[in-house]
Structure formats: C-alpha cells, structure tokens
Amino acid sequence: MGISLGALAVRFGLELQGDPDAEVATVASLREAGPGSVSFLANPRYRRYLAETRAGAVVLDRAAAAECPVPALIAANPYAAYARIAAELYPVPPVAPGVHPSAVVDPAARVSGDACIGPQAIVEAGAEIGPRALVGPASVVMAGARIGADTRLVARVTVYPGVVIGMRGVLHAGAVIGADGFGFAPDRDGFVKVPQVGSVRIGDDVEIGANTTVDRGAIEDTVIEDGVKLDNLVQVGHNVRIGAHTVVAGCAGISGSTTIGRRCMIGGAAGTVGHIEIADDVVVSGLTMVTRSLKEPGMYSSGWPAVPADEWRRIVAHVRRLERLDQRVARLEGRRKGGQSEGEG
Amino acid sequence: MGISLGALAVRFGLELQGDPDAEVATVASLREAGPGSVSFLANPRYRRYLAETRAGAVVLDRAAAAECPVPALIAANPYAAYARIAAELYPVPPVAPGVHPSAVVDPAARVSGDACIGPQAIVEAGAEIGPRALVGPASVVMAGARIGADTRLVARVTVYPGVVIGMRGVLHAGAVIGADGFGFAPDRDGFVKVPQVGSVRIGDDVEIGANTTVDRGAIEDTVIEDGVKLDNLVQVGHNVRIGAHTVVAGCAGISGSTTIGRRCMIGGAAGTVGHIEIADDVVVSGLTMVTRSLKEPGMYSSGWPAVPADEWRRIVAHVRRLERLDQRVARLEGRRKGGQSEGEG
Amino acid sequence: MGISLGALAVRFGLELQGDPDAEVATVASLREAGPGSVSFLANPRYRRYLAETRAGAVVLDRAAAAECPVPALIAANPYAAYARIAAELYPVPPVAPGVHPSAVVDPAARVSGDACIGPQAIVEAGAEIGPRALVGPASVVMAGARIGADTRLVARVTVYPGVVIGMRGVLHAGAVIGADGFGFAPDRDGFVKVPQVGSVRIGDDVEIGANTTVDRGAIEDTVIEDGVKLDNLVQVGHNVRIGAHTVVAGCAGISGSTTIGRRCMIGGAAGTVGHIEIADDVVVSGLTMVTRSLKEPGMYSSGWPAVPADEWRRIVAHVRRLERLDQRVARLEGRRKGGQSEGEG
C-alpha cells in the first residue's frame, strides 16, 4: 500500500530527484531505512549518515540533496514535509462511532452520533461531545464540559466540570484539565481555601501531553489558545494564558496568572513565577527560572550546564566568596571595603 | 439568590462602607465585576484597577477603602475574607449518597451510608469510606485504606493499601497516595528491591493537587499533617514528614526521610535532598535546591533569574573562570598561585 | 510466623552473632524495633541509634557489629541483605488468576490463564498478558501491547498500543507508557504534528514510579533496558535509551534521543537536553542540567545549594557584575578593558 514518490512530490509541493514511480510505504531513520521507506534529514548532526543510507527516498533541503545517494524529495522545510508524508503513510484511523456498553453516559449529556465513548469512560450530565471526538478508555468528562469535534482524549484523561476544549485536539493519558487552582488565603489558623470558580478554555489544534495538568481559574478562566503544544508533566497554574502556537516542553511549570505570548518556546523543566507577562516569540531554555516579565522577544536562560562534581564544588565555593573577592579588588584599587565598587564600569 | 452586603458584613465580621441591603450573587475581578458581583483587592499590583471598578462591593483593607468607588467590605485580611464570602456564594454541593451501579465495592469494605461511590470507582476489601466522603469517578481505594469524613477523591485518585486519610480533605484527579517508595539496594548485579512496608498517614483538611504522588514509607509511615496543601505534580518521597499548614507549590520534590516543619512554604519546582530537617516557618523560593538541614526560620533561595541568553553565556563563562580570577587577584596581592587566598577577608 | 536468625543467616550467607533460634517476624527501624523485629544499619547517620536498639536482630557490617547490643546479622552489604530478609518476611502475595467481571477484555486479546485482570481494567485487541501478570484496577493495555510474565501494573496504568514490557516489572499507578513523543515541525502557520510511529520496549525487572511517563519513539523505539528503576514523575522523551541497571530519581526529565549508559544514577529533578550520550557509570546530582555528552564515568553537578535569601540576592548581584570585576582586575594588571584576560592562568 505504498505511495509513489511522484505522488508525494505533487501532493506536498516537493522537488523530486529520482524515479517518480518508486514507492515507499513506511518511514525509517537514515541508518535503518531500506528501499521501501522514506527517511529525512533535518538535524545537521545526522548528516553523516546520509551517504550510507539505503532509504527509498530522503526528504531534505537543496543543499543536502547533492550528497543524497538515493532519490531525494527536496523541501524548503524538510522536517515539516516529512511530518506530512508520515501522516499520509500512517493515517490516524477514524474513531469507531458509538458508546461502549461499559461506559457510563448520563442521559443529560449530549454526545454526537459519530463520537466514540470508549470502555469504562464516564460522561456526566450536561457534557457535550462533538462529532468524531473520542472519549478514550477510562476517561472522565465531568458535568457541563465540552469536547470539540475531532478531539481525542486518548485514555484516562480527566476533564473537570465546565471546561471547554476546541477541535482537533489530542489529550494524552493522565492529563487533568480544570482541577482547582492552588488558591489558599493564609489566615490565623492555617489557610482558607479560595473557591476556584473560573474554568479552562482550550482552543483548536492543541496537544496536551501525558500527566500534564492545567488548573481552572480562580475567578476568570485559564486560557490555552489555538495550536499550543504542551509536553508531558507540564503544570499550568490558574488564570495562566498561553498564546497561540506556543510550545512548552516536559516538566515545565507556569505559575498562576502569568501570560505567555504567541509562538514562544518554553524549555524543559523551566519555570515562571506568577503574575508576569512574557512577550510573543520568547524562547526560554531548559531549567531556567523566569522571575520577571520579559517584554522583548529573544532567548532567555539561567540554567547551569553540568560539570564534573569536584569542579562544581570549587565553582560554588568561589561564587560564595565573590563578595570577598570584590572587596579584595576594591582594596587593591585603593578603596575602602564595602559595596563601593558598584558604580564601577 | 444573592446575599446582602449587610449579611456578609455580619457573618464575617467585616466593616461595611455602603448600602447594607445591596446584594451580590457572584464573584468577579475588579475589572470584570458588575453590580451583582463582589470583588477583592489583596495584591497591590491590582490596586490600579480599583478606581474604575463597577463591582457591587469590594473586599479590601482599611487603607484602600478610602479610594473605593463602590461599597466596601473592610477586612484585616481581605483575601481570607474574600475566600469565605466566595465559599458562601459558591457552596460545594453535598455529595449524593449511594454507590453507583458501575462501581465495584468489595463486600468486605465498609462504606458509610451517606458516602458517595462514583461511577467506575473501586473500593477493595477492608477499606473504610467515612460519612459524606466521595470516592469520585474511576478512583481506586485499595485494601484496608481509610478515607475520613467529608474527604473527596475528586476523580481518578489512587489510594494504595493501608493508607489513612483524614477528614475534609480534597484529592484531585490523578493523585497517587501510597505507591512504593524508591528503595533499591545496590548489589553486585543491579538492585534489590527494598520492600516498602510502611504506609501513608494524612491528616485533616489536607488538599492534594492533580497528579501529585506521595509514597508510602519504607518501614515507618510517610506523614502529612493537618492543613497541608500540596499543589499539582508534587513528589513526596518515602518517610517524609510534612508539618501542619505547610504549603508546597507545583512540581516540587521532597526526597525521602526529609522532615519539613510547620507553616513552611516550599516554592514551585524546589527540591530537597533526603534525610534533612527543615525548621518551622521556612520559606524556600522556586527552583531552589535544599541540600542541608535548615534550622532557622526564614527564606532560602538558590534559583537563578533568567537573563538574555547571550548575557547568560558570558556569565557562565566568567563563573567557570572564577578560580583563575581569584589567582590573578592573589598575584596582584603579591601572593603565589593556588588556593591560598581562602583565608582572606 | 517468624523466621529464626539461624535460618536467615544460612539462607542469605550472613554471619550470625547471637542466638540462632531467636525468631523475627517483622522489620522496624533501630529506634522502634522490639525483640520480634529485624532492623538494619547502613546509613552511618543512624549509627547513633545502634547502642539503644531493642531489635531482635540488626543487619550491619562487621565494623558496626562490635557495638551491637543485640543479635547481629553481619553482611558485606547490609542494605541489600536487609532487603532480601524483608522480602522474605513480607512476601508479595501471588496474583489471583482470572478476569474480573467488570473488566473489558477484547476477545482478540491473549491473556494467560494465570494472569489477573483487575476490576475496571481494559485489555484491547491483540494485547498479550503473560503468566502471573497483573493488569491492576482501572489499568488500560491498548491494542497489541505485551506485558511479560510476573509483571504488575499496580493500578490505573496506561500502556499504549504496541508497547512491549518484559518480565517481573512493577509499574505504579498513573504511569503512562508509549504516549506520543513531543514531535512537532515548525511551519509557517504553527506546527505540523510528526507522527510517532516507533514504540517503547522495556526490559525485565524494571520498576516505574507513579505518574511517570515514557514516550514512544518517533521512528525507532524508546528503550528501557533490564533492571532500570524510574522513580515517580519522571519524564522520558521519545527515542531515549536507558542502559541496564540505571536509576532515575523523581521529577527528572530525559529529553528525546538521549542515550544514558548502564549503572548510571540520575538525581532528582535533573534534566538532560536531547541528542546526547551519557557514558556508563555516570552520576548526575539533583537539579543538574546536562547540556552535552558526558563521555567519562564520574559525578557531574550543576545544582546550587540554597542559602538565606538575602545572601543569595547578594551572590546573584555579584555574579551579574563578574564581567566588570574581571575588567577591573585586568586594569589593575595594567591591561586594557575587554576579554583579553581570557588567555590568563
């Protein structure tokens, strides 16, 4: 059930270097590919494998095409072109409409006739499940929540009451959308819980990773705009807003009431404090802590690269003595001790 | 179904500035509120919105009341007063007693007659579910575990065998209480699993966030005292003890056998090593790594604030050259190379 | 139902100092143990409790045995010996074979006759469940996945289609194995999802913690080799390979296409970038960020130990002024401003 290279070239607007009638049916890496597989070259670190590849075709850019020993599909953006070809070769099967007999669907829920409610799933009263949507095995859609057309809750997803999710989304196993925000008012004898009466609104084409959590708003809604991609184990606090087409890598945490712009990239295990604003097109590298609003696009960092532990111990010791070092330099400069060197430079 | 400002003032001991017969029925932010809503002002960064608010009433402190253009409910602690008013306006509905027909409750479990066991839930032999408690949809309460009165496992919560949870708790979706601690003894050919024979004891009024994990003890129990609040995606290792009214923000990790005092605040993505003790009233800021016992109350930090990436690269390079800088200064001071400057200052 | 100290000594090759006919039936800490309990001493910080213990026996090394006031079981590796004794005293009960009536098992699944499929569990078509394996309550094993003999999905575990898990594994509640890797190709109008057509292969004797996520490969498989132990809330990206007997502590994140060697120890909340290689026998300490391949065994670090917040503020300020300090020193050395001091030392 292959597709000819010619057909792929036409469908995706690629330039073909090679036999248009040759067919590919699968994808594979440059090193593993055989004649029936299409491969791709996007990350330069894998270019060394190009010369030896036995792939049926390689998706790559014009610069690399000259070195390609097999048919080439030349693309301005090889990774995106590869993604589209792979989606063609591995289409997501349509959901099988119907409600599994083991599912529990409240009579007051509205489930589209061609949606799929999987085994052990639960759909509460007032919930709406759109056309071709999937409420996968053991997922829970609580009262009044709405799941848009073609959105898939893969398995064991929890959607709290009143949450609204757009179209064509993918929510992976264990994701929890709409749990209470972390709102507690300190008082004399501990904390008073602050009712979290806002909800979560998620746009179209959003993908949410396994065991990721997005909290409902305290008063207004938490908002995830169209095209946002959240990796696994990401935490999104209450009243956060994440702008369209922003991606957040695994284990990152966005604290409450922070706004992130469009097309941002938040690195793995990065974190932000709450109540700040991050502009469009900001890149935050991994393990970085954002403590103030970032008003300009660009890349921001604060993560320390690992070094051998004994070198690190010396570095930490030197850093902790920096104040003294500053004073020693000030003394050499003929100044008295203290913070007086701050005006320098 | 509103409540009069006068009634709110009396019930919560607030001073009312305005018409006692005016009613509010909902909550809203200062900017969004209309005449039927109560709002609040606690964070000074939102004070700029006060002059323009159209709220039916604002909960605030005496200093801000003079500037309030609408009725004011004056409180010593406006956030806590707001929390109580919001809970009045948005009461948590009582659970509907009974066992859903799709739930699996072992005949040897003891379930209070006015507890609610939701759809697809599982209650194993010997488990006890207290009065008005909720075992929400698809939750699992394993053998011999005990859930106290009025505690709610919202959905998809897992409580391992023998775990004891107190009264009035809230456990959000995906929380896992009592999985095995991470105990493996290194041996010649890998690791030997150390049986985790302790349990978890959780006090009253504890809230546990979505997908948070609290491991059972290796020998003795892991203990979460009364009033503790854990945010989402928090990891609590085996034999940890967290003191009463301590709050732990999202993505934080507490390593095994560490004791945290009362009324501490652990910031987001902060971490501790194991086997240390943190005193009462310690604040640990976000992304901070606690590597030794903290015996004094106060705030501790080690997280680096993000800066533009090229500035950060220079900072990292300079820090890695600190030893040389120290030597250069020592040479200027007329000393020989080496670590001899350490006695300085 | 105790075991005599003599029997324990013989079975585990320990030297007994004390009465071989005395029996122990439980484990306890040095401080809590009574005459019927066996305790152990491995971490030197607990040695101070040895003199006062009332344990029935203590597992310890020869050096400590002289100070032991009660019977001693002398081991070269006391912690591993204790682990084996505890497993003897607290054996994991065999699973009860059979399929719970509330489970949903596809007729085209192959379930061993002595496997246990728990309540509300789901086993899809083509899945294989090996002998004595447990698919615990509310777990989901999707189409074509394979669970090896004696492996236990404790509860609410999700195994995606085609994933292969070896023998004698333990997967704790909320673990998600085989969700899509985080692959999105940036394009003009957002991102194109890259189909994740690889799978996950997990070896024998692997333990995976609660709410931990292991993503399926983009093209080839993500691989977890034999004996690996992953703690709770760990994220393993697509196409990662983790070598045999490596342990990863809680909240750590391994980015896509990174290879970790054998017998490594990755600390809590540590993270790696993608596409790097970590050699065998590497130790990465907690909250450390690995940004490049580590080719030599040894310990690597970059986490900052917490200090009082005002000290930390001064440290941060000094580090941000390091470039100026460097220039001041260069000026004292009689050089002109700039990066010219880099050749120094």
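**Exercise 1. Which strand of chain B pairs with E5(B) in the parallel sense over three bridges, and which residues does that strand span?**

*Solution.* This is a predicted model, and every value in these exercises is computed from it. The strand in question is E6 of chain B, residues 57-60, which pairs with E5(B) in the parallel sense over three bridges. Within this pairing, B:Phe40 has B:Val59 in E6(B) as its bridge partner. A second neighbour of E5(B) is strand E4 of chain B, residues 26-27, which runs parallel to E5(B) and is joined to it by two bridges. Here the bridge partner of B:Thr26 is B:Ser37 in E5(B).

**Exercise 2. Decide whether the residues on the two faces of strand E5 of chain B are buried or exposed.**

*Solution.* Begin with the general pattern: in a regular strand, side chains alternate between the two faces of the sheet. In E5(B), residues 37-40, one side carries B:Ser37 and B:Ser39, while the other carries B:Val38 and B:Phe40. To count as buried, a residue needs 20 or more other C-beta atoms within 10 Å of its own. All four of these residues are buried, and both faces of the strand are therefore covered.

**Exercise 3. Describe the overall build of chain A, using its secondary structure, its extent and its domains.**

*Solution.* First, the secondary structure of chain A consists of five helices and 40 strands. Next, its C-alpha trace spans about 80 × 60 × 35 Å along the principal axes, and its radius of gyration is 26 Å, where a compact globule of 345 residues would have one near 20 Å. Buried residues nevertheless make up 58% of the 345 residues in the chain. Of the contacts in chain A with a separation of 6 or more, 18% are between residues 24 or more positions apart. Finally, the chain is divided into domain 1 (3-89), domain 2 (98-300) and domain 3 (309-343), and the centres of domain 2 and domain 3, taken over C-alpha atoms, are separated by 46 Å.

**Exercise 4. Follow the open sheet of 12 strands from one end to the other, and find out which strands stand at its edges.**

*Solution.* The order of the strands is E8(A)-E11(A)-E14(A)-E17(A)-E20(A)-E25(A)-E28(A)-E31(A)-E34(A)-E37(A)-E39(A)-E40(B), and the pairing is mixed. The edges are strand E8 (98-99) of chain A and strand E40 (307-308) of chain B, each of which has a single partner strand, so one side of each is left without a neighbour in the sheet. One of the pairings inside this order joins strand E37 of chain A, residues 282-284, to strand E39 of chain A, residues 298-301, in the parallel sense over three bridges. In that pairing A:Val283 stands opposite A:Met299.

**Exercise 5. What rotation and shift superpose chain A on chain C, and what relation is this?**

*Solution.* Two copies of a chain are related by a rotation about an axis and a shift along it. For chain A and chain C the rotation is 120° and the shift along the axis is 0.0 Å, with an RMSD of 0.0 Å. That is the relation of a three-fold axis. The two copies use different surfaces where they meet, as 20% of the contact residues of chain A recur in chain C. Chain B can likewise be laid on chain C by a turn of 120° and a shift of 0.0 Å along the axis, with an RMSD of 0.1 Å.

**Exercise 6. Set out what chain A and chain B each bring to their contact with chain C.**

*Solution.* Take chain A first: its contact with chain C involves 60 residues from chain A and 59 residues from chain C. The elements of chain A that each supply at least two residues are helix H3 (78-89), strand E40 (307-308), helix H4 (309-320) and helix H5 (322-332). The largest share, six residues, comes from H3(A), and by class this side has 32 nonpolar, 16 polar and 12 charged residues. Strand pairing also crosses this contact, for two bridges join E40(A) to strand E39 of chain C, residues 298-301, in an antiparallel arrangement, where A:Val307 stands opposite C:Ser301.

Turn next to chain B, of which 59 residues are in contact with 60 residues of chain C. The elements giving two or more residues to this side include strand E21 (176-179), strand E39 (298-301) and helix H5 (322-332) of chain B. H5(B) gives the largest share, six residues, and the residues of this side divide into 30 nonpolar, 20 polar and nine charged. Here E39(B) pairs with strand E40 of chain C, residues 307-308, in the antiparallel sense over two bridges, and the bridge partner of B:Tyr300 is C:Pro308.

Terms used: Residues are numbered from 1 along each chain as its sequence is written. Chains are lettered from A and ligands numbered from 1 in the order in which they are written. This is a predicted model: local features need pLDDT of at least 70, side-chain atom pairs count only at pLDDT 80 or more; totals for chains, interfaces and linings use all residues. Helices (H or I, at least four residues) and strands (E, at least two) are DSSP runs, numbered from the N terminus. The radius of gyration is taken over C-alpha atoms; the globule rule is 2.2 Å times the number of residues to the power 0.38. A residue is buried if 20 or more other C-beta atoms lie within 10 Å of its own, exposed if 12 or fewer, and partly exposed in between; C-beta atoms are placed from the backbone. Two residues are in contact if their C-beta atoms, placed from the backbone, lie within 7 Å. Copies are superposed by least squares on the C-alpha atoms of residues with pLDDT of at least 70 in both. Ala, Val, Leu, Ile, Met, Phe, Trp, Tyr, Cys and Pro count as nonpolar, Asp, Glu, Lys and Arg as charged, and the others, Gly among them, as polar. Two strands pair if DSSP finds at least two bridges between them. Domain bounds come from an automatic or database domain assignment.
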